[in-house]
Amino acid sequence: MKLPAFDYACPTTLPEAVQLLASREDAKALAGGQSLVPMLAFRLLHPALLVDLRKLADLRGIRIGENGVTLGAMVRWRDIEDDRRLTTAHPLLKAAVAHVAHYQIRNRGTVGGSIAHADPAAEMPGIALTCEAQIAVVGSSGARVIPAAEFFTGALTTALAPDEIIVEVRLPPWPARRRWGFAEFARRRGDFALAAAAVFYDEDARGRAANAHVGVIGVADRPLRLPTVEALLNGEKIDPATIARAETAAAAAVDPPEDIHAGADYRRALAATMVERALKQAAA
Amino acid sequence: MIPKSGYRFSEKIMLQQSQMNMSIRFEVNGRAVEVEVEPRLTLADCLRHALHLTGTHIGCEHGVCGACTVLVDGAAVRSCLMLAVQAEGATVLTVEGLSEDADLTALQKSFRKHHALQCGFCTPGMITTAHALLSEEPDCDAARVREVLSGNLCRCTGYIPIVEAVLEARAAYRKDPA
């Protein structure tokens, strides 16, 4: 339906944006609008003021360096898709982002918007959590950095204060020889995942997995790491037998909700299969 | 007949919610426009109601069906998920602006030839999306066409003729048409 009424401001500097957000109760930051505007259309939100971040050019950059990949909050999916450096600098990010929404939405949707919206089935929060990203935010009480593991606190709920704006998402460095995989199941590509898994590990001199990270989305009220699966992989050769054990462990580690799109058992089986497929990709 | 108190009541509500109207300027189909809009007005409604460009259709109004797709600064976007005020300074292209003369474009003719529409409701969104795709990727394959059009719903055609129409129109977008 038509959107509820709100005031609109389009600041040109970050401090001004923070000030505007703090100036009114129920003020909300508007990034790409691809989640926020549908929420407005469903009348799930009635903000008094929208603070549009589109003129904050500092939030639009993708920086790649020794410290890893830093994505400005206003980086759009399309920017990640088009950035060839990321194919080597962060292939897992690139593979996951290929599953984000449809063509038109990828031209508008942003990294910061997705992280702030925190849909339990969204790819970017899952990647942030799996890769131990640091989320840099700024608010009226100053700047702080929130680890992804502490950021997502529930469905559509985060540690972000109402007057805070996400500035950037910092992904730790990605070793060139790291093994990784990403598998997602959605009924139609671009739709929200029924389940997806992101995995990566490094190999030691004997070809055994170390530093295994396994994350899943769509199976809980927030993205999850699966520590039992990670523990099982570390120190092992990622062969079909190990992958089969990981799949079983993944099924045991998740307790998905039931909804109109999928029953709990189906979602659990899907999540385990996604972990299996992602590990097969990684080991291939 | 609404009692006078009723009017007052609604006026009060209006005042409480009264938002500043904003004057915005942007370019639509090569024409500079200036419109006064409420911040909550979507670009789709602005195009249709303020500018009378009713070729842009509104289906779901929450970013699922793709019927309202227009090009903003060359990129296909859902105009129901963009506020009109966010288009300030932008260049917008709607289905009405694709053809430079009274004739249909090659893409539109291809849709006609392949029966890529029946009721026509999704067609403006299909055409604008395909136009954005072919402008950037005139050599795309059928899989890419399907991927890009996956965000546009059609309840009539079953998509096969749409994909065929887009594939045939590729030649017209190549610098050296084959």
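# A tour of chains A and B

Begin by selecting domain 1 of chain A together with domain 3 of chain A, whose centres, taken over C-alpha atoms, are separated by 35 Å. Keep in mind throughout that this is a predicted model. To set the selections, use the domain assignment of chain A, which gives residues 7–52 as domain 1, residues 57–171 as domain 2 and residues 179–283 as domain 3.

Now show the whole of chain A as a cartoon, in which 12 helices and 14 strands can be traced. Along the principal axes, the C-alpha atoms of chain A fill a box of roughly 60 × 45 × 35 Å. For a chain of 284 residues, a compact globule would have a radius of gyration near 19 Å, and chain A, with 19 Å, therefore agrees with that expectation.

**A helix pair in chain A**

Next, select residues 240–253 of chain A, which form helix α11, and residues 264–283 of chain A, which form helix α12; the axes of these two helices come within 8 Å and cross at roughly 150°. Because the angle is over 145 degrees, α11(A) counts as roughly antiparallel to α12(A). The crossing of α11(A) and α12(A) is right-handed. To see what fills the contact, display the side chains: α11(A) contributes Ile243(A), Ala246(A), Glu247(A), Ala250(A) and Ala251(A), while α12(A) contributes Arg268(A), Ala269(A), Ala271(A), Ala272(A), Val275(A), Glu276(A), Leu279(A) and Lys280(A). Coloured by class, the contact of α11(A) with α12(A) shows 9 nonpolar and 4 charged residues, with no polar ones.

**From chain A to chain B**

Move on to the place where the two chains meet, and select the 26 residues of chain B that are in contact with 25 residues of chain A. On the side of chain B that touches chain A, β4 (75–78) and α5 of chain B each supply at least two residues. The largest share of that side comes from β4(B), which gives 4 residues. Colouring the side of chain B that touches chain A by class separates 10 nonpolar, 11 polar and 5 charged residues.

**The two domains of chain B**

Hide chain A and colour chain B by its domain assignment, in which domain 1 covers residues 20–97 and domain 2 covers residues 106–173. The C-alpha centres of domain 1 and domain 2 of chain B lie 21 Å apart. Between these domains of chain B, 14 residues of domain 1 are in contact with 11 residues of domain 2. On the side of domain 1 of chain B that touches domain 2 of chain B, β3 (69–72) and β4 of chain B each supply at least two residues, and β3(B) gives the largest share, 3 residues. That side of domain 1 of chain B divides into 8 nonpolar and 6 polar residues, with no charged ones.

**A helix pair in chain B**

Finish with helix α5 (residues 142–149) and helix α6 (residues 160–173) of chain B, whose axes come within 10 Å and cross at roughly 120°. This angle makes α5(B) oblique to α6(B). The crossing in which α5(B) passes α6(B) is right-handed. Select Ala142(B), Val145(B), Arg146(B) and Leu149(B) in α5(B), which meet Ile162(B), Val163(B), Val166(B) and Leu167(B) in α6(B). The residues of this contact of α5(B) with α6(B) comprise 7 nonpolar and 1 charged, with no polar ones.

Technical notes: Residues numbered from 1 in each chain as written. Chains lettered and ligands numbered in written order. Predicted model: local features only at pLDDT ≥ 70, side-chain atom pairs only at ≥ 80, totals over all residues. Axes fitted to C-alpha atoms, helices over the stretch in contact; angles between N-to-C directions. Parallel < 35°, antiparallel > 145°, perpendicular 65-115°, else oblique. Left-handed = near helix turned anticlockwise from the far one by under 90°. Contact = placed C-beta atoms within 7 Å. Nonpolar A, V, L, I, M, F, W, Y, C, P; charged D, E, K, R; others polar. Domains from an automatic or database assignment. Rg over C-alpha atoms; globule rule 2.2 N^0.38 Å.
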